[in-house]
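Trainee: I would like a close look at one part of this model, the sheet and what packs around it. Please take it in one connected answer.

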Amino acid sequence: MERLLERELLAWREATVRKPALIDGARQTGKTYLIEHLFGKRHFRKVHKLDFNMMPRLDAVFADGLSPDAIVRNIEIEALDQIDLKQDLIFFDEISECQAALDSLKYFAELAPEAFVCATGSNISLLGSFPVGKVQHLELFPLCFEEFVMASGQPMLLEAFRAREISRIAHEKLMSMFLDYTFVGGMPEAVATWFRDGLSATERIERVGEVHAGLIVGYERDFGKYAGPIYAQHIHAVFQNIPRQLESTVDESVKRFRFKGIVPKRRGYRDLRGPIDWLEACRLAWKCYPIVSHPKPPLQRLTKESRFRLFLFDLGVLGNLLRIPYTLQRESRFAYKGFIAENFVQNELRVHVGYPTYGWAEGQAEIEFLHQTTDGDIVPIEVKNSRRRRARSLSSYITRYAPARAIMLTTDPRGAEDGVVSNWPIYDAQFLARL
């Protein structure tokens with residue numbers, strides 16, 4: 001299973017001087033597989049892996065201090081294997097389980113910048129001590145739509161997607177792939193199960209559902225492990241409430257997150273800020289801030305801390321929490337799934353553009369997303385089930401602020417521009433990064 005982040009890792013490897021690479025991300029997004037089996041095996045003579053979750057006794061590697069020379073020597077003695085710093089990769093897996101290993105990254109950056117040191121971890125943002133400025137921080141997310149197409153083993157379709165071909169047959173196949181993606185999501189185990197040979201359609205659907213259920217159980221166990229029993233209950237309540245609030249949208253547009261009724265006797269943002277920030281720090285939820293005035297860069301200064309929409313990190317997990325069956329995900333009528341489309345766009349923006357994301361709301365008019373281009377232009381992005389529907393909010397925004405361009409993401413094929421509005425199929429959301 002190929003991952004786009006390998007390109008950034010390869011650029012890191014080719015640098016003359018480098019800081020240790022720290023790959024963060026939610027649990028089970030494939031960090032270990034990427035470093036050990038893809039990047040490591042392809043580009044290094046040998047990978048020297050220390051898994052601090054599986055072997056806690058490896059803390060002893062740092063018992064003689066945090067000097068890179070001492071650490072490398074202790075790794076060699078522990079593994080009975082010599083390390084060549086010019087050709088080998090030192091891999092600290094689940095580094096959040098070993099504070100000394102995390103602290104050592106600073107000294108590798110300062111005293112051994114020629115060394116190839118990679119570390120992976122989950123929940124790193126929860127740690128009290130972190131080597132700020134001494135690592136190259138990278139993030140691995142669930143597979144985006146492009147990676148999902150890559151995993152399908154259809155190179156011609158992947159080529160058509162990357163070239164943004166306009167043909168009807170390419171659109172139909174990509175739209176079918178997108179509908180599958182709304183059910184499967186991007187968690188590597190779910191994707192690998194979906195594309196596994198020898199399974200019937202029924203088996204494929206059932207096993208992917210089992211994978212999602214197992215992932216949810218694992219995340220909920222983490223709440224207790226890292227947050228304590230009482231606080232974990234609040235995190236669990238927020239986590240379960242995100243999909244419920246998304247599903248409850250009545251006009252296909254996701255409203256700002258409501259705090260009342262989630263935890264007894266907790267009514268406002270201050271009461272739930274901790275659990276929400278915890279989920280965000282663990283890469284399980286993402287915020288999108290609506291701008292309620294004239295959008296001008298920088299957008300962040302126009303936000304209000306307590307006003308945001310909240311999305312889930314993976315569509316497959318979202319669908320499983322809501323018990324949405326595959327047959328409904330494939331349903332041609334897309335109107336009832338507006339919140340899924342918005343969650344998809346949010347995740348694609350998170351992977352390819354940046355974070356946080358923004359929207360716009362003024363009176364009854366709402367634009368799902370705003371994208372600031374490299375030139376500083378603000379591009380409104382409307383998410384609709386069809387471009388044939390009248391986008392009143394987009395028309396209102398254009399009348400008020402006269403943007404140079406606007407994007408409408410729909411289930412239709414790519415269409416001709418209508419004034420300043422460009423019509424894109426929804427699966428093209430990642431190409432907003434090129435604007």
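Which residue in E11 is the bridge partner of Ile 381?

Mentor: The model is a predicted one, and what follows should be read in that light. The bridge partner of Ile 381 is Ile 407 in E11. That pair belongs to the contact between strand E10, residues 378-383, and strand E11, residues 406-410, which run parallel and are joined by three bridges.

Both strands sit within an open sheet of eight strands, whose order is E7-E6-E8-E9-E10-E11-E13-E12. Pairing in this sheet is mixed. The edges are taken by strand E7 (309-312) and strand E12 (415-418); each has a single partner strand, so one side of each is left without a neighbour in the sheet. From one strand to the next, the twist averages 30°. As a general point, strands of a sheet pair through backbone hydrogen bonds, either parallel or antiparallel.

Two helices can be placed against this sheet. Helix H14, residues 338-352, lies across E6, E7, strand E8 (357-362), strand E9 (365-372), E10 and E11. The parallel pair E10 and E11 is thus among the strands that H14 crosses. Relative to edge strand E7, H14 runs at about 85°. Helix H10, residues 229-247, lies across E7 and strand E6 (285-291), and its angle to E7 is about 110°.

Strand E6 leads on to the cysteines. Cys 288 counts as buried, at 0% relative accessibility. Its sulfur is 19 Å from the closest cysteine sulfur, in Cys 144, which is too far for a bond. The structure as a whole holds zero disulfides. Cys 282 is likewise in no disulfide, and the nearest cysteine sulfur, that of Cys 98, is 19 Å away. Cys 282 is also buried, with a relative accessible area of 3%.

Elsewhere in the chain, a helix pair can be described in similar terms. Helix H3 (residues 68-79) packs on helix H4 (residues 99-111) at an angle of about 115°, and their axes are 9 Å apart. That angle makes H3 roughly perpendicular to H4. On the H3 side the contact is formed by Pro 68, Ile 71 and Val 72, which meet Ser 104, Tyr 107, Phe 108 and Leu 111 in H4. By class, this contact of H3 with H4 has six nonpolar residues, one polar and no charged ones.

Key
Residues numbered from 1 in each chain as written. Predicted model: local features only at pLDDT ≥ 70, side-chain atom pairs only at ≥ 80, totals over all residues. Heavy atoms only, no water. Pairing = 2+ DSSP bridges. Helix = DSSP H or I, 4+ residues; strand = E, 2+ residues; numbered from the N terminus. Axes fitted to C-alpha atoms, helices over the stretch in contact; angles between N-to-C directions. Contact = heavy atoms within 4.5 Å. Parallel < 35°, antiparallel > 145°, perpendicular 65-115°, else oblique. Nonpolar A, V, L, I, M, F, W, Y, C, P; charged D, E, K, R; others polar. Disulfide = S-S within 2.5 Å. Buried < 20%, exposed > 50% of the residue type's maximum accessible area, 1.4 Å probe, protein only.
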